[in-house]
2 protein chains.
Amino acid sequence: MKVGYIQNYPENGNKEANFQQVEKILGDRKADLIVLPELFATGYIFENTDEVRQLSEDFTGETTQFLYKMARKTGATMVGGFVEFGEGKAFNSVACVSADGLVGSYRKIHLYGREKKWFSPGNKPLHVLEIGEENDWVIGPMICFDWVFPEVARSLALLGADIITHSANLILPYCQAAMITRSLENRIFTITANRIGREQKAGLDLSFTGKSQIVNPNGEILSTAPLDEEYIDIVEIDVELAHDKQFTSMNHLFQDRRPQFYHLR
Amino acid sequence: MKVGYIQNYPENGNKEANFQQVEKILGDRKADLIVLPELFATGYIFENTDEVRQLSEDFTGETTQFLYKMARKTGATMVGGFVEFGEGKAFNSVACVSADGLVGSYRKIHLYGREKKWFSPGNKPLHVLEIGEENDWVIGPMICFDWVFPEVARSLALLGADIITHSANLILPYCQAAMITRSLENRIFTITANRIGREQKAGLDLSFTGKSQIVNPNGEILSTAPLDEEYIDIVEIDVELAHDKQFTSMNHLFQDRRPQFYHLR
């Protein structure tokens with residue numbers, strides 16, 4: 001299975017330019033799964049909820065259409081972030097789209113900082129999506145700040161995810177190292193697609209930390225992107241590795257759990 | 001509050017020699033909390049359950065007595081590992097002892113590898129202990145392989161732990177980095193007291209990885225020990241830092257949790 005990510009530098013508010021730039025970065029690559037950053041086509045900072053609403057779409061919108069076009073071009077299932085308009089609300093979501101159409105989506109359940117003013121928090125449980133021609137690859141979508149809650153990767157792994165798709169707009173330096181722990185503690189692949197660049201808008205001044213990465217279930221980094229350059233990487237993985245939850249010959253990471261002694265209300 | 005750890009090289013099976021060595025490492029240090037490794041006075045490898053039984057003790061035994069003596073000498077609450085005999089079984093436990101006597105204990109709930117042949121798994125829920133003259137410092141004891149289960153540190157933090165005491169006999173290279181994530185994701189202090197040296201016995205050949213460490217709630221390493229030397233370090237911490245669960249001004253790590261959307265059976 002060939003999996004990868006795109007690390008881009010979106011122009012705030014200019015979807016069409018960002019689609020073109022992502023298409024250029026993709027070139028003629030082929031893959032089975034490609035992850036794009038959170039809000040990869042809108043940029044991160046919004047003036048107000050009016051602007052959020054204006055840039056929002058449903059699953060017939062231009063971002064899902066663009067992901068569909070790229071899925072047909074690359075052969076890959078594409079996962080990328082956008083502002084979802086649904087149920088009269090705006091969510092910070094990802095769409096998962098294959099050459100056959102929409103596979104599924106996820107609404108970010110842990111909003112970061114000012115996002116709480118812009119978006120409604122995700123209102124559906126964490127869930128996994130089956131992708132590939134045989135529907136035998138299981139991905140678990142999460143978004144950016146979800147990384148800090150160990151319950152997210154754990155839930156997705158317990159639901160059967162082989163690969164966590166982690167669409168991100170990271171500004172703090174902690175996440176990339178933490179994702180190694182997320183891979184190890186769940187024996188899953190993690191693909192963090194981060195953005196680069198800086199946004200100064202609405203009184204905020206944010207610099208994004210790049211360093212998108214792919215980690216395998218042994219905690220080994222298979223790919224790491226530069227801090228400040230647009231980038232794409234696609235690597236071959238053996239997804240079966242994520243089915244083997246033996247941390248040692250005598251320790252199965254899931255069977256060894258002792259939920260009756262935890263306190264996780 | 002002054003907290004620290006001892007990193008020792010126990011002689012397998014020779015408790016008296018190990019007590020003397022730990023007393024020598026302690027010297028005339030004073031502190032409020034000192035964490036010792038898992039099984040710090042027995043060594044790690046056992047020939048069989050007869051030997052485990054022979055080295056086991058209850059809370060009137062010589063290890064608890066030694067910790068009591070050291071608590072009176074240092075002024076610190078001492079947390080250290082031993083083979084606990086209780087309910088007709090042997091547990092891989094820590095005792096927590098102050099100058100006033102036994103504060104509490106913890107039986108390791110996630111046994112690693114061959115330990116499953118030597119010990120019974122802990123049969124009580126994760127819990128915290130109040131220490132200090134005012135009982136206002138809250139510690140959460142865990143042992144070695146517990147680190148890989150994010151539920152352990154999370155449970156202890158949700159129960160109110162300011163500091164996780166992590167008595168360990170680590171042989172793999174992953175834990176020290178993971179404990180930075182454990183501190184960050186829960187905004188707690190973590191003190192990992194690891195051992196050094198090598199044991200060849202009963203068909204096993206294990207080298208322990210040292211690098212005991214203290215991490216603060218911001219994920220900053222306050223102390224790190226050498227790979228292969230006996231060591232002690234005591235640092236001053238502001239325990240209040242662990243009461244502040246704001247990851248950002250708009251993100252409270254516990255209040256932002258969305259348990260209704262997790263899948264943690």
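What follows covers a sheet in chain A with the helices that pack on it, and then a helix pair in chain B, all taken from a predicted model.

The sheet in chain A is an open one, built from six strands that line up in the order 6-7-8-9-12-13. Pairing within this sheet is mixed. Strand 6 (129-131) and strand 13 (221-224) of chain A sit at the edges, each with pairing on one side only. Going from one strand to the next, the twist averages 20°.

At one of those edges, strand 6 of chain A runs antiparallel to strand 7 (residues 137-143) of chain A, and three bridges join the two. Glu130(A), for its part, has Val138(A) in strand 7 of chain A as its bridge partner.

Now for the helices of chain A. Helix 5 (residues 150-158) of chain A lies across strand 7 and strand 8 (163-167) of chain A, and runs at about 165° to strand 7 of chain A. Helix 6 (residues 175-186) of chain A also packs on the sheet, where it touches strands 7, 8, 9 (189-193), 12 (213-215) and 13 of chain A. The direction of helix 6 of chain A makes about 20° with that of strand 12 of chain A.

Over in chain B, helix 5 (residues 150-158) and helix 6 (residues 175-186) pack against each other at about 35°, their axes 10 Å apart. The crossing of these two chain B helices is right-handed. Helix 5 of chain B brings Pro150(B), Ala153(B), Arg154(B) and Ala157(B) to the contact, while helix 6 of chain B supplies Arg182(B), Glu185(B) and Asn186(B). Sorted by character, the residues of this contact come out as three nonpolar, one polar and three charged.

How values were computed:
Residues are numbered from 1 along each chain as its sequence is written. Chains are lettered from A and ligands numbered from 1 in the order in which they are written. This is a predicted model: local features need pLDDT of at least 70, side-chain atom pairs count only at pLDDT 80 or more; totals for chains, interfaces and linings use all residues. Side-chain values use heavy atoms; hydrogens and water are left out. Two strands pair if DSSP finds at least two bridges between them. Helices (H or I, at least four residues) and strands (E, at least two) are DSSP runs, numbered from the N terminus. Axes are lines fitted to C-alpha atoms, for helices over the stretch in contact, and angles run from 0 to 180 degrees between N-to-C directions. Contact means heavy atoms within 4.5 Å. A crossing is left-handed if the near helix is turned anticlockwise from the far one by less than a right angle, and right-handed if clockwise. Ala, Val, Leu, Ile, Met, Phe, Trp, Tyr, Cys and Pro count as nonpolar, Asp, Glu, Lys and Arg as charged, and the others, Gly among them, as polar.
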